[in-house]
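The following exercises concern a two-part reading of sequence and model. Please inspect both before turning to the worked solutions.

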Amino acid sequence: MDFLRPASWEEALAAKAEHPTAVPIAGGTDVMVEINFDHRRPEALLDLNRIGELREWEVGEETVRLGACVPYTRIIESLRAELPGLALAAHTVGSPQIRNRGSVGGNLGAASPAGDSHPALLAAGAEVEAVSVRGTRMIPVEEFYTGVKRNCLEADELIRAVHIRKADGPQQFSKVGTRNAMVIAVCAFGVALHPETRTVRTGIGSAAPTPIRATAAEEFLNSALEEAGLWDSGQIIPPAVARQFAELVSGAANPIDDVRGSAAYRRHALGVMARRTLGWTWEEFRGNERSARCA
Amino acid sequence: MGATRTPSNITQGSKAKGGIGESTLRPDGTLKVTGEFAYSSDMWHEDMLWGFTLRSPHAHAEIKSIDTSQALAQAGVYAVLTYDDLPTDVKNYGLEIQDTPVLAHGRVRHHGEPVALVAADHPETARRAAAKIKVEYVPLPVVHDEASALAEDAPLLHPGRDDHHAGHVPHPNIVHRQPIHRGDVAAARARADVIVSGEYEVGMQDQAFLGPESGLAVPGEDGGVDLYIATQWLHSDLRQIAPVLGLPPEKVRMTLSGVGGAFGGREDLSMQIHACLLALRTNKPVKIVYNRFESFFGHVHRHPAKLWYEHGATRDGKLTHMKCRIVLDGGAYASASPAVVGNASSLSVGPYVIDDVEIEAVALYTNNPPCGAMRGFGAVQACFAYEAQMDKLAAELGLDPVEFRQLNAMSQGTVMPTGQVVDSPAPVAELLRRVKAMPLPPEKQWETAGESADVRALPGGLSNTTHGEGVVRGIGYAVGIKNVGFSEGFDDYSTARVRLEVINGEPVAIVHTAMAEVGQGGVTVHAQIARTELGVTQVTIHPADTQVGSAGSTSASRQTYVTGGAVKHTCEAVREKVLELGRARFGSYHPAWATAELLLESGKVVTDGGEVLADLVDVLEGEAIDLELEWRHRPTEPFDLRTGQGNGHVQYSFAAHRAVVEVDTDLGLVKVVELACAQDVGKALNPLSVVGQIQGGTTQGLGLAVMEEIVVSPEAKVRNPSFTDYLIPTILDTPTIPVDVLELADEHAPYGLRGIGEAPTLSSTPAVVAAIRAATGLALKRVPVRPEHLTGT
């Protein structure tokens, strides 16, 4: 196995072009497990750890440009206000040691349906900055995942950063596992309110071949909120609407039975998480509105 | 009821500083916490090779052929061994029944069975070479449960059995069967006002020790081998290893290396013989280390069990009778199955007085992973079932579950179903009283001063699944009974060598045993015993090896009792020698040498009145006293094969738990808020270690209750051999565990102590499940309880 250690981003792109089967490695929290357990024997590893810029982020007007290798710990510590959903998701990743090493770029590269950041990215709205020696393209995150542990990156492309929309409203993330910490998702759900556009976005993890948005649930809820004038009134969401939303989220999933949980449980749990997280975000939204009015 | 003390103040007992009763710190503690402790997997030897084991991908298959030529041709490979390379006629091993092939011969009986070995100059080279070994398998039909094992045309796991159980089992796929009959169940049943029955199931738990199987075999110049190994019983390993190698036992020299936990999983051999074979073949040191995946195939697990119980009681709450049938899945090889059957049957009644019982326990041979020893050993499975039955009966009778248990609790003098009289304290009702009397943890601990909930205190934890919605609290109780020591007539002795001499002007005791320190704290306790008995400050614990006699197994809650007993016994003999020397040298100077009771204290010979007669340094005068002695507890008897009668056990051990859980009833997630434990320990030799053992056992029981299970498919394949999918409790899953320690001396045991390691593992599981039942109203007949069971999905 070759171990390539580019000193700069340009060198990394050149190396990836020259060795298209090379597997990028940063924190190694996923790749090393696969290697150690002999699930994968790449011809080459492309070590990104010498490229400092990948561990940086920029908070812009509309988005946060998050370097591919920014560890989860940094997101939790420094980006909670801008990326609350992702920060919550980051908190559920592995152990403190794993959170010090693992990154969103790695989660996207692995494209496991169980990756914790995906539902938060889908709900917030994000684009993946994919770069090769041929140039740069921005890929909306919902188009990024193409199958179980597959994404739409070309063989010569590397993830440089993820551009995530800054929160313009409350966000939540919730994940079911069969212990209370350090657990792979049985299923997960993210929701983000976008008061500026008067929309709600969602993300489902570990309950379909890829991370997905529950689009029918989003559309139903968007029109229900609009019709009832709830964005303006700040009234509570009628229980029937929340229930219908939860059922549509549940219906959007296409889960399997496996050693971590049954398909029926995953559907059920998604419905519960959808109802609860919608309730939490909407309560927070109402609270924000009230205090805005009082001010 | 005798005086009871909480852990913080049970420090009296010995006048010697650092003697028994003190919470002296363990010598390995800091090293382990700081990561400096050398485990068996850390060993290294110049020029050493790495061994690798090729394992069967099938649960049951015929091996048509094995072609090792391509593996042997790979650069860096020194040896490839199969069954045909075994050096002697002894090709099997086993704890009680020698039915386990060192390497598969013509047939594999379980997923992961060792088929071939490779030694190479790099672990990766060894792994790649193993992948080049061509094994031609023809899959065979799989036996995976009682129905398929006992079917008319069932394939026999071990045709032509000639072991000592073969003659009395009803079917060759039953390893051992133990019935117990006592009293008149039909008559007693007729007296019952209420009859409750239930079917229960316990999943396959793994010991999940953190240090994987590993060791280093170094060939000796005399044709023998030195094996540095993490194990639970050096001499049991030696007895099984030497015949396979064709070496006399003295040429297989074993030294204990750093053991990263055991819990029963190191009672059977793993890589011991394999490493020795490769070392002797290549004449080079060979190290084998399993990774986590392989470790799940490298040791036996806890027997999964199905249990059928019937109990009756009168309207006023007295138990009338009990009938039960316990089916344990032993997997492909016998391992400790016969002894597990003995425990499951003889302890199936629990810590209750029931005079009329009909009991049957069996262990099956199947193609599932082999199962054997794990903390609690047959008593865990039974306790889950009988405690569920107690709650059911109490509910049926409209009685408080604790009062109902107390009404039927055994005590000193109770006769067990085996006819054995419990002849030391059995404070079952008192333990229940104590655990119930502890203050309850506050409600809704997730509520914080601010607006947001502290999710760490909620089911789901940091996964942020609830902020209090759907959360219901439940409280449950359980109590259990475990035997201490090896039972059924086994000669369960230990050996200790103690040397007392003056080094640099100070008396020093050296304690040498073959006891495996697996984390239980035995080395700490041995030093405490030597200080107490010999009145010295300096005690050196010699590394455990086979240059001294057997210390028996570090299992069955027995080491402090039996090897601790041997250390005490040998120290007493050494003390007598010291006093003999003293009398010879100084007897004429003071009459008390002849007349008084003499003790060794603070490096001096003193009278029981406290008068100093001589300095130990002067008494010894350059001489060393060095003794190696065996010590035995009271003998036990086998259980009668038809009636189950017999004084089979050495000592009984009791613990009770109260579990407080909070269940997210919508998502089926559980947070164990508190697991209070009360346990009688006879005498706490090291109170801090006692509490640690109780908290550890309690947590392991919690794991079985809500998460720990090796999932085996109907094809008998292991589906979750990793810590990603075999979940053990994290610190966030571990509740506060208040411990109330009771010390009622057992007059038959050294210092009155009671073995403690296993009892807390028994009652923890049913207490947690009882609490979940209380929170949800669900019947819950199986552990581990999964979210699916709680949500009907």
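**Exercise 1. A strand and its partners in chain A**

How many of the eight residues of strand β12 (residues 187-194) of chain A are buried?

Solution. The model is predicted: local features need pLDDT of at least 70, side-chain atom pairs count only at pLDDT 80 or more, and totals for chains, interfaces and linings use all residues. Residues are numbered from 1 along each chain as its sequence is written, while chains are lettered from A and ligands numbered from 1 in the order in which they are written.

Step 1. A residue is buried if 20 or more other C-beta atoms lie within 10 Å of its own, exposed if 12 or fewer, and partly exposed in between, with C-beta atoms placed from the backbone. Helices (H or I, at least four residues) and strands (E, at least two) are DSSP runs, numbered from the N terminus. On these terms seven of the eight residues of β12(A) are buried, so this strand is largely enclosed by the rest of the structure.

Step 2. Two strands pair if DSSP finds at least two bridges between them. Strand β11 (residues 171-176) of chain A pairs with β12(A) in the antiparallel sense through six bridges, and A:V176 stands opposite A:C187.

Step 3. Strand β13 (residues 199-205) of chain A also runs antiparallel to β12(A), joined to it by seven bridges. Here A:L193 has A:V200 as its bridge partner. The hairpin of β12(A) and β13(A) has four residues between the strands, and A:R198 takes a positive phi near 55° in it.

**Exercise 2. The open sheet of chain B**

State the strand order of the four-stranded open sheet in chain B, and explain which strands stand at the edges.

Solution. Step 1. The order is β23-β22-β21-β27 (chain B), and the pairing is mixed. The edges are held by β23 (538-541) and β27 (625-631) of chain B; each has a single partner strand, so one side of each is left without a neighbour in the sheet.

Step 2. Axes are lines fitted to C-alpha atoms, for helices over the stretch in contact, and angles run from 0 to 180 degrees between N-to-C directions. With direction ignored, neighbouring strands of this sheet are turned by 20° against each other on average.

Step 3. Strand β21 (residues 494-503) of chain B runs antiparallel to β27(B), with seven bridges between them. One pair consists of B:R499 and its bridge partner B:D626 in β27(B).

Step 4. Two residues are in contact if their C-beta atoms, placed from the backbone, lie within 7 Å. Helix α13 (residues 522-534) of chain B lies across β21, β22 (506-512) and β23 of chain B, at about 140° to β23(B). Helix α14 (residues 559-586) of chain B packs on the sheet as well, touching β21, β22 and β27 of chain B, and its direction makes about 40° with that of β21(B).

**Exercise 3. An enclosed helix**

Determine how far helix α9 of chain B is enclosed, and by what.

Solution. Step 1. In α9 (residues 337-346) of chain B, 10 of the 10 residues are buried, so this helix is largely enclosed by the rest of the structure. Among them are B:P338, B:V340 and B:N343.

Step 2. The cover over these residues includes β9, β17 (319-329), β18 (356-364), β19 (371-372), α10 (379-397) and β20 (471-484) of chain B.

**Exercise 4. Where the chains meet**

Describe the side of chain B that touches chain A.

Solution. Step 1. In the contact between the chains, 31 residues of chain B meet 29 residues of chain A. The elements of chain B that give two or more residues are β29 (669-680) and α19 (787-791), and α19(B) gives the most, with three residues.

Step 2. Ala, Val, Leu, Ile, Met, Phe, Trp, Tyr, Cys and Pro count as nonpolar, Asp, Glu, Lys and Arg as charged, and the others, Gly among them, as polar. This side of chain B divides into 10 nonpolar, 13 polar and eight charged residues.

**Exercise 5. The chains as wholes**

Summarise the composition and burial of each chain.

Solution. Step 1. Chain A has 12 helices and 13 strands, and 50% of its 295 residues count as buried.

Step 2. Chain B has 19 helices and 31 strands, and buried residues make up 59% of its 793 residues.
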